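Me: I'm new to this one and would like to get my bearings. Can we go through it in small steps?

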Amino acid sequence: MRPSQRVVLVDGAATSPGARAFDVLMALVHHRDRVVSKDELLDLAWPGLVVEENNLQAQVSALRKLLGPQAIVTIPGRGYRFALEASDAPPAAAAAALPSPAPATDAHPNLTHLPLVLTPLIGRTLDVSNLDTLLGQHRLLTIVGAGGIGKSLLAQWLLHARRSAHQHGVAWVDLASQTAPEFVASTVAGALGLQSGHGDPLKGLMEAVRPLSMLIAIDNAEHLLDEVARILQALHQAAPQLQVLVTSQAPLKLANEWVYRLDALALPEHSAPLDVARHFGAVALFAERAQAADRRFELGPQNLATVVEICRRLDGLPLAIELAAARVPLLGLVPLANSLNERLRLLNGGGRGAPARQKTLRAALEWSYGLLDATEQTVFRRLGVFVGGFSLEMARQVVADTANGATLDAWAVVDVLGALVDRSLVIADGGDTPRYRLLDTPRSYALEQLTAAHEEPALRQRHALAMRQLFEQADTAFFSGQQRIDDWYKALAPDLGNGREALAWAIQFDPQTAVAIAPGLAEALTSDRRRERRYIWQATALLVTDQLPSGLQARWSSRAAYFWAYRQPALACRLARRAASLYRAQPGEKRNLYHALAALVYALTYGPTPNLEQRPEQREVLAEMWAIEDPAWPPIVRSYGLFASLTCNFVEGAFDQAIEQLLQKASLDALAGHSEALLRGEDIIAYMELAAGRVDASIARYLALQARLANTRHMATLLLVQLHLTGAWLAKGDTVQARALMESCWPQVLHFDAQVYAADNLALLAALENRPHTAVRLLGYADTVHAAHGKAREVNEARCAQCAEHLTRATLDNATFDRLKTLGHGLRHDDIAQLGLGLDDAA
């Protein structure tokens, strides 16, 4: 086909986009299953020729005008992708289109939190070798160095290399987005996939990692040094098989810490020949990044001296070198060196106490920022409001501004974001649909510039509103059935830092937005982050007033009620009644009314008394809930109703009916893709088997579940299973098995605040071992524990207590029994191990 015959049919009309644009279009259509890089498009459309990149941009712009702005999607830092469906594509394009491959699935999700694709590590071979040796000798190793020196990347490569060297693997904990010391322990637990429990998060973390043999890396610790040091000192004593690698700008100053100071990249002598100089880390990094920015760049004898001088002026700091290399296409090598000289001389001041390398890094940032045009500066500084990264759509939503005559539209943000990625001011993580982030030092600088431009309040508000939209939509999506629940959690995980940041701002400046963010954010934290979930509900509770829209009040109240139902049932009942009343007055809200009614049934099940007075209301609410249920609703919605109903049947003694409903719920949870609910369900089935008197069946289930959990990080769930199994052994009369299990797990009981599941077991163990005085005191202790939690005993715990009381009353007179039980009310948690697991009968 001659170039003049290259036509595209658009709405039935033949149009000619031009030869080059046609070639670009055909290349994009042929590879429509993936992103096509700029270099690849240049080679396909201009084979054998060297052309400027703006030629490609011009052809893409022409194609968008011809086919529509959505036809070709720009992926900043990656390239372009053809976005029209086959039925929408022009015939010429459709004929060349290839079918898109099915998305890859991973049966074993990555639990390390390491990036799936690591940036190449240049110039650190010796450091890798030294650190690998040190990791074999020390349990706590801290990589210390200036900001931008490459600590994080080096640590990522070390973890990647050692991910199979530890029984429980490796894990990456990034503290960059965590600013509150009180949440560091739960952040570490969450990143490790551990369950933090209800009590002191550090004690819970200590017990959770105690049996683990693994390597964890804690990145960006410098702003939380005291808290990180406190946590690691405790973990060092609690978990003898745990190794920790820390990156920080300052050491932790712990006695057991080995500090590795990371120097700048190596620099060659000025007189070093090319074949020697190119292997020094600083020169190799500059050459690699410069070639990535300009494919025509090549390190050679003619430019070696200039490159070495630039690297030397930047003190071999990786971030500064990357920033400089990214400017090669715009300035050229010699003008780059001259500009750098002038800027460094201008900005060589600063605090007397600041290390020279930090001054150099700041100078490089200010120099690089100064070379951006006004639009690029605006986008860069506004991106500083994001914590831990952002999506392309989120950047467009927050950064773009067309109000009051501004011209920074969404497409301009995309183009500028690509330029910032090219210049190493923004990092693109991932493949065809990357997320973007500012490194910590550039982000701090961006926020300084945002404040100086008097834009921070407005950008904080836009960031919070964007997070409100994200988490409100997420709350709706959770119950939509359009996404597996496990995938829902995974999709929101990257924006948890942004959500927390937005919530903190909104609590102070925009209460309605804070209330709107809370339900989706609390759920996205997963049940393992109970303490943070509780903080969200408590921090926003006073903001929920009658001045808010009724739908927002109802949604917050319904979700909060379900959270508090087991923990504070009286509070949960008030919230659920409020939500149900509001939803009844809103047409089209049956699904949300159903959730509120389920929360109310669930909350009415628990309380400080057997709740006989609440049973009529519970049955009335349950009937209303079943009356509005729609079998066509998504499985996750109906799962909530089934759980509320089965708990009601369970406490009323209808065990077989409750088990049948639990099995139905498991089927719904499997359809919904909710693996955490399935795991909890297995424990509940075994518990109900025991309640129904099928002791051997319960023991068999618990033993199988214990074996499944033994080599996982679900330590809180494992503890609960072991305590329930202890009750089953006691029901069978096997005190040997019960004592052994209780002795092994009691230390974790205190740290996970699980005394309500253990105290009655200890009392019955003492009674069966003919220690009646001890048993009665433990019964008094158990009463206090249950009262503190605001709930009556559940079925199996109540049976333990009744059996223990029956056995001890047969031995002791009433006065002695009452006196000892009163004494037991005053026992401390720390007294119980010696009393309950001792062999003497303490009168």
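Me: Before we start, what kind of model is this?
Reply: Keep in mind where the coordinates come from as we go. What you have in front of you is a model that is predicted.

Me: Okay, let's begin with the sheet: in what order do the strands of the open sheet with 5 strands come?
Reply: The pairing in this open sheet is parallel. At its edges sit strand S6 (170-174) and strand S9 (258-261), each pairing on one side only. Reading across from one edge to the other, the order is S6-S7-S8-S5-S9.

Me: By how many degrees are neighbouring strands of that sheet turned against each other on average?
Reply: Here the direction of the strands is ignored. Taken that way, the average turn between neighbours in this sheet is 20 degrees.

Me: Let's zoom in on S7 and S8. Which residue in S8 does Ile218 stand opposite?
Reply: Strands of a sheet pair through backbone hydrogen bonds, in a parallel or an antiparallel way. Strand S7 (residues 214-219) and strand S8 (residues 242-248) do it in the parallel sense, over 5 bridges. The residue of S8 that faces Ile218 is Val246.

Me: Which helix lies across S5, S7, S8 and S9?
Reply: Two helices are worth a look here. Helix H7 (residues 184-192) lies across S6 and S7, at about 140 degrees to S6. The other one covers residues 125-135 and runs at about 180 degrees to S9. The helix you asked for is H5.

Me: Is Gln243 buried or exposed?
Reply: You'll find Gln243 in strand S8. Leaving out neighbours within four places in sequence, Gln243 has contacts that include Leu135, His138, Arg162 and Met214. Its relative accessible area is 12%, and the cut-off for that class is under 20%, so Gln243 is buried.

Me: Now for the salt bridges. How many does the structure hold?
Reply: Some of them join up: Arg381, Arg382, Asp401, Glu455 and Arg462 are linked in a network. Counting over the structure, the number of salt bridges is 45.

Me: How many residues apart in sequence are the parts that Arg382 and Glu455 tie together?
Reply: The side chains of Arg382 and Glu455 meet in a salt bridge, at 2.9 Å from N to O. Arg382 belongs to helix H17 (residues 374-382), while Glu455 is in the loop between helix H20 (440-452) and helix H21 (456-478), so the pair ties together parts that are distant by 73 residues in sequence. Arg382 is buried at 7% relative accessibility, and Glu455 is buried at 13%. The number you wanted is 73.

Me: Which helix holds Arg555, the partner of Glu472?
Reply: Glu472 and Arg555 form a salt bridge of 3.0 Å, N to O. It links distant parts of the chain, 83 residues apart, with Glu472 in helix H21. Glu472 is partly exposed at 25%, whereas Arg555 is buried at 11%. Arg555 itself lies in residues 550-564, helix H26.

Me: What is the N to O distance between Asp429 and Arg437?
Reply: Asp429 is partly exposed, at 29% relative accessibility. Arg437 is partly exposed as well, at 28%. Their side chains meet in a salt bridge, and the distance is 2.4 Å.

Me: Last one: how many disulfides does a search of the whole structure find?
Reply: Two cysteines to look at are Cys573, buried with a relative accessible area of 4%, and Cys648, buried at 0%. For a disulfide, two cysteine sulfur atoms would have to lie within 2.5 Å. The search of the whole structure comes back with a count of 0.

Terms used:
Residues numbered from 1 in each chain as written. Predicted model: local features only at pLDDT ≥ 70, side-chain atom pairs only at ≥ 80, totals over all residues. Heavy atoms only, no water. Buried < 20%, exposed > 50% of the residue type's maximum accessible area, 1.4 Å probe, protein only. Salt bridge = Lys/Arg side-chain N within 4 Å of Asp/Glu carboxyl O. Helix = DSSP H or I, 4+ residues; strand = E, 2+ residues; numbered from the N terminus. Pairing = 2+ DSSP bridges. Axes fitted to C-alpha atoms, helices over the stretch in contact; angles between N-to-C directions. Contact = heavy atoms within 4.5 Å.
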